[in-house]
Amino acid sequence: MQPGWLKQYFHQHGDQCGHHLDEERAADPASEGSPGDVSRRDFVKTSLAAGVAAGAAAGAVVAQTTRAQAQGANPMGRDWWPSPWGANDVRGANNRITPAKVLEAAKLIKTGKLYALSQVLEVGIPLFGARHVSVTIPGGPTGGPFGEHKLMYNDEMFSGEIGQIGSQFDGLGHIAATVGDTIRYYNGLTQAQVGGSYGLQKLGMENIQPFFTRGILVDVLALKGGDRLPINYIITPDDVTQALRRQNTAEPREGDFVCFRTGHSKLWKTNNDEYNKGCPGPSNRVANWLVEKKIAVVGADTWPVEAVPGENANRPFECHVIWITMNGIFINENLNLEELARDKVYEFAWSFNPLRLKGATGSPGNSVAIA
């Protein structure tokens with residue numbers, strides 16, 4: 001971990017709720033807690049949503065310019081709105097899933113074998129910070145009997161951040177960055193336009209249509225060797241090029257789903273602390289290369305689909321801003337890519353049907369490869 005990174009950006013948690021750590025910290029202010037768990041919720045409040053590196057970037061500007069000039073500073077280097085699909089667009093790269101793209105993907109199906117890429121959503125999985133998951137069957141059975149046959153039924157009661165746990169699919173309302181004094185989301189939408197206590201007013205998952213497109217696996221672990229890539233290994237453009245060449249896989253095309261295998265998923269439910277501590281992932285240069293390729297979705301067998309702590313300690317989760325906020329590219333996290341890699345399935349049809357939950361920041365669902 002980079003020195004001071006967690007302390008600067010994150011509130012530490014233990015177990016699933018971790019409130020006891022707050023009490024310990026109050027009793028011992030010098031305690032920094034364990035680096036095993038971090039809270040993306042606090043990160044969104046204090047880092048990205050409050051400005052990815054805005055303090056560092058704007059602070060330098062303030063020292064050299066007037067306040068009026070600082071208000072216009074964009075820590076990402078440029079404004080990203082309006083989007084290529086117009087100032088009113090709320091679908092982002094989902095627009096790239098055209099009928100022609102669907103037909104192209106269908107031609108990749110040769111054997112009909114299905115690969116479920118999502119992890120099982122259950123108690124005991126690695127969770128980011130204070131997020132939680134719980135499924136309860138009230139009553140057991142919940143209701144009945146009905147009729148002469150005495151029919152009985154069960155219902156489940158779910159509790160958790162439904163769009164941001166497990167193999168989650170990040171939507172366009174999940175991440176923002178601050179430009180000057182204004183929080184900006186995809187297509188330049190402001191916090192006032194997007195935010196809502198009972199669901200997002202704009203950029204909710206109800207806007208997103210099903211995905212069916214070409215998928216490619218970039219098996220960086222197979223290229224580099226070993227059991228898994230080390231935490232904070234930065235996947236470079238050269239790594240990607242070499243992996244694709246080794247696999248004899250064509251480069252990403254517009255509308256594709258691109259996923260990276262690092263081996264990090266081998267820690268899933270076996271060492272959650274290590275899983276949450278950090279992870280390998282693509283560099284910012286790879287993130288921008290994927291933007292140039294106009295892909296629709298990027299995924300990996302890690303929780304943020306980018307390296308943590310990352311290339312720059314002052315710009316954590318910058319790829320999230322590059323992909324989601326600036327370019328409307330979706331992120332599919334915490335995937336299990338081991339079976340795909342074992343069978344050397346590097347190109348496939350890929351399907352994902354987001355739950356059309358109004359105002360949601362993301363979606364649960366099963367990411368599926370069809371070979």
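**Exercise 1. The second largest cavity**

Task: Work out how much space lies in the second largest cavity of this predicted model, and what lines this cavity.

Solution. Start with the volume: the second largest cavity holds about 90 Å³ of space. Next, look at the walls. The lining takes in 14 residues, and Asn 284, Glu 306, Ala 307, Gly 310 and Glu 311 sit closest to the cavity's centre. Finally, sort the lining by class: seven residues are nonpolar, three are polar and four are charged.

**Exercise 2. The largest cavity**

Task: Find how many cavities of 30 Å³ or more the structure holds, then describe the lining of the largest cavity.

Solution. There are two cavities of 30 Å³ or more. About 100 Å³ of space lies in the largest cavity. Its lining is made of 14 residues, with Pro 126, Leu 127, Phe 128, Gln 168 and Asn 334 nearest the centre. Split by class, that lining gives six nonpolar, five polar and three charged residues.

**Exercise 3. An open pocket**

Task: Pull up the second largest pocket and say which residues lie nearest its centre.

Solution. First the space: this pocket has about 160 Å³. Of the 13 residues that line the second largest pocket, Pro 84, Trp 85, Arg 96, Val 291 and Asn 327 lie nearest the centre. Now the chemistry: the pocket's lining counts seven nonpolar, two polar and four charged residues. Keep Val 291 in mind, since it comes up again in the next exercise as a buried residue of α11.

**Exercise 4. The two sides of a helix**

Task: Take helix α11, residues 284-292, and decide which residues are buried and which are exposed on the other side.

Solution. Step one: a residue counts as buried under 20% relative accessible area and as exposed over 50%. In α11, Val 286, Ala 287, Leu 290 and Val 291 are buried.

Step two: look down the helix axis. The buried residues of α11 fall within an arc of 150°, so they line one face of the helix. The helix geometry helps here: with 3.6 residues a turn, residues three or four places apart point the same way.

Step three: turn to the other side of α11, where Arg 285 and Glu 292 are exposed.

Step four: ask what sits on top of the buried residues. The cover includes the helices α9 (237-247) and α12 (318-327), along with the strands β10 (234-235), β11 (257-261), β12 (281-282) and β13 (297-300).

**Exercise 5. Into the core**

Task: Find the residues with the most contacts inside the largest nonpolar core, then follow one of them, Trp 350, to its partners.

Solution. The largest nonpolar core has 66 residues. Those with the most contacts inside this core are Phe 211, Phe 260, Val 298, Trp 323, Leu 340, Phe 348 and Trp 350. Which element gives the largest share of this core? That's α12, with six residues.

Now pick Trp 350 and skip its neighbours within four places in sequence. Its remaining contacts include the phenylalanines Phe 169, Phe 211, Phe 212 and Phe 257. Also among them are Leu 117, Val 297, Asn 332 and Val 368.

One more core to note: a second, separate one has twelve residues, including Leu 127, Cys 279, Val 308 and Phe 317. Leu 127 is also one of the residues nearest the centre of the largest cavity.

**Exercise 6. Backbone oddities in the loops**

Task: Check the loops for cis peptide bonds before Pro 141 and Pro 309, and for positive phi at Lys 294 and Lys 344.

Solution. Begin with the prolines. Gly 140 and Pro 141 are joined by a cis peptide bond with omega about 0°, and Pro 141 belongs to the loop between β2 (133-136) and β3 (143-146). The bond between Val 308 and Pro 309 is cis as well, with omega about 10°; here the loop runs between β13 and α12.

On to the lysines. Lys 294 has phi near 60° and lies in the loop between α11 and β13. Lys 344 has phi near 55°, and its loop connects α13 (338-342) and β15 (347-352).

Is each lysine buried, partly exposed or exposed? Lys 294 has a relative accessible area of 41%, so it is partly exposed. Lys 344 reaches 59%, so it counts as exposed.

Notes. Residues numbered from 1 in each chain as written. Predicted model: local features only at pLDDT ≥ 70, side-chain atom pairs only at ≥ 80, totals over all residues. Heavy atoms only, no water. 1 Å grid on protein atoms, 1.4 Å probe; cavity = no way out; pocket = protein on both sides within 12 Å on 5 of 7 lines; lining within 4 Å. Points joined across faces, edges and corners; volume = space filled by probe spheres on them. Nonpolar A, V, L, I, M, F, W, Y, C, P; charged D, E, K, R; others polar. Buried < 20%, exposed > 50% of the residue type's maximum accessible area, 1.4 Å probe, protein only. Helix = DSSP H or I, 4+ residues; strand = E, 2+ residues; numbered from the N terminus. Arc of directions from axis to C-beta. Contact = heavy atoms within 4.5 Å. Core = buried A, V, L, I, M, F, W, Y, C linked by side-chain atoms within 4.5 Å.
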